[in-house]
Amino acid sequence: MWTRQSLNDLVREKLANYLFVVVSNREPYIHTFSDGEIVTQVPASGLTTALDPVMQACGGTWIASGRGDADREVVDKDSKVSVPSDKPRYSLKRVWISREQEDGYYYGFSNDALWPLCHIAYTRPTFRESDWETYKTVNEIFARGVLEEVGDKKAFVFIQDYHLTLLSSFIKAKNPGIITAQFWHIPWPNREAFRICPWQEEILNGLLGNDLLGFHIRYHCNNFLDTVDRAIEAKVDWERYEVTQAGSKTAVRPFPISIDFEEVSQEAQQDEVAAEMARLKSQLNLDDKLVGVGFDRMDYTKGIPDRFRAVGRFFEKYPEYRGRVVFIQAGVLSRTQLAAYKKLNEEINSLVEEVNKKHGDGHWQPIIYPREHQSQLTLMALRRLANFFVVSALHDGMNLVAKEFIASRFDEDGVLILSPFTGASRELTEALLVNPYATDHFADAIQSALEMPEEERQRRMRKMRAVVRENNIYKWASDIISELVKFEFGV
Ligand code: F6P
């Protein structure tokens, strides 16, 4: 079983003389002003949830874009600050990009082009030349940050996600000795879908600057290799899962990302969580109710309208549950300046209203959707309260929210309803897998979850807990480091 300590031992043994650098767009800690005081926020991001425990185990430097209004106040002359502030374990180095650059690089090319391109959720990508130009400029800014941090040391740079597809090539052009790996946190679609990107060649060539490229599942590796095979001049070795281009090699491997299972499971058992559950029960009048829960970053890939349609259909098909079941949706607004997200939020608001109007009465509302920010404690209490928990993504690389639900249920109860279009569904096969587009099936799955005998719920939950316990985030990081070491040094 991999632990924080065994990961730390591996890094000390294999990467002893190397500086360990993680690079991502999103920073793990954001400093903001609140009533004149500087406060630290933790973003709602699967990437930072997964990588922060890894960095806490390995130490080193995390380079990310500083966006908080107090971010500049807390850093030193090299734009660095030690984090977490209560128990510093690694350095966070911020790179600075302007508001205009953020518009073109983050909202524009990353999230209005690459995000819809890679997620098959039927939202059309928008390719703007100016966004692409800004995206390249910002990748260069990150490269300068990395090169400055590394200097003449030996370094292993671990790049995250689709915001930084050109980074490894930019770094290696200046310092070919740096070892780079990149992890792609979202799906890689089939080549037919990807080829509409006007800059597919530049992106593929950029990614092939890496020594190792990781995806959540083998299917995404296959899609990537197939895209490379058809789109650019490179030799794809399907047996070894390697690409050779101009003499340099990139290994392509699946590494299913995860969470710190033990940490989440321990947190779930704290007294404050039980107190918060009691508070929620009385505030939301849940004592005699069966509870469904969902929480998501509000994104059109998460299938939230589909979920509410299924809840509505459930009350139509199974009216005996009216007044007895509530569905609580917690959400974090995201990327709200993009039109597709504005439209999504409007659709969600009107669906909640529609379902509640049609099925609710003066004493009972089927869907509770509090719009305000929920604390980590409240989210944990909601996971624990759930008779059933819904993850209905239309397409998702992994979905760590599903794994966090499993880790929270030390009582071995609660049913997970999970979309088969998530990476998580490959491991969590004891969930009730349901296609979110199939509203009637989805409604039936809610009924099955509510009627599942306790013994079956426990059997399924036990199996899923064993899977997440074993395939934890330390295993993910150790597998990547071990693969890299094997590949790079022939050990
Ligand atoms: O899962 C893809 C991803 O970009 C992650 O990298 C991140 O956790 C999440 O989406 C949130 O995105 P953002 O950083 O844009 O808020």
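This briefing covers the ligand site, a parallel sheet, one buried lysine and some backbone features. The structure is a predicted model. Twelve residues are not discussed one by one here; instead, the shell around the ligand is described by its make-up, with five nonpolar, three polar and four charged residues. The sheet is an open one of six strands with parallel pairing.

**Ligand site**

- The residues around the ligand include Arg26, Ser45, Gly46, Leu47, Tyr106 and Trp115, and also among them are Asp161, Tyr162, His163, Ile186, Arg297 and Arg335.
- Helices α2 (46-58) and α3 (99-118) each supply at least two residues of this shell.
- Two arginine side chains place a polar atom by an oxygen atom of the ligand, Arg26 at 3.0 Å and Arg335 at 2.8 Å, while a polar backbone atom of Leu47 lies 3.0 Å from a ligand oxygen atom.
- The ligand taken alone exposes 380 Å², and the protein buries 90% of that area.

**Parallel sheet**

- The strands of the open sheet follow the order β15-β14-β13-β16-β17-β18.
- Strands β15 (367-368) and β18 (432-433) stand at the edges with a single partner strand each, so one side of each has no neighbour in the sheet.
- Within the sheet, β16 (residues 388-391) and β17 (residues 415-418) pair in the parallel sense over four bridges, and Val391 stands opposite Leu418 of β17.

**Lys289 and its surroundings**

- Lys289 is found in the loop between α10 (271-283) and β13 (290-297), and this lysine counts as buried because its relative accessibility is 15%, where buried means under 20%.
- The side chain of Lys289 makes a polar contact of 3.0 Å with the side chain of Asp288.
- Leaving aside residues up to four places away in sequence, Lys289 touches Gly323, Arg324, Val325, Val326, Trp364 and Asn387.

**Backbone features**

- Val83 and Pro84 are joined by a cis peptide bond with omega of about -15°, and Pro84 is found in the loop between β5 (80-83) and β6 (90-95).
- Asn285, in the loop between α10 and β13, has a phi near 60°, a positive value in a residue other than glycine, and Asn285 is partly exposed, with a relative accessible area of 47%.
- Asn399, in the loop between β16 and α14 (400-408), has a positive phi of about 90° although it is not a glycine, and Asn399 counts as buried at 7% relative accessibility.

Notes: Residues are numbered from 1 along each chain as its sequence is written. This is a predicted model: local features need pLDDT of at least 70, side-chain atom pairs count only at pLDDT 80 or more; totals for chains, interfaces and linings use all residues. Side-chain values use heavy atoms; hydrogens and water are left out. Buried means under 20% relative accessible area, exposed over 50%, partly exposed in between (1.4 Å probe, protein chains only). A polar contact is a pair of N or O atoms within 3.5 Å; within protein, one must be able to donate a hydrogen and the other to accept it, and residues adjacent in sequence count only if both atoms are side-chain atoms. Contact means heavy atoms within 4.5 Å. A residue is near a molecule or strand if one of its heavy atoms lies within 4 Å of it. Accessible areas come from the Shrake-Rupley method with a 1.4 Å probe; for residues, only the protein chains shown count as cover. Ala, Val, Leu, Ile, Met, Phe, Trp, Tyr, Cys and Pro count as nonpolar, Asp, Glu, Lys and Arg as charged, and the others, Gly among them, as polar. Two strands pair if DSSP finds at least two bridges between them.
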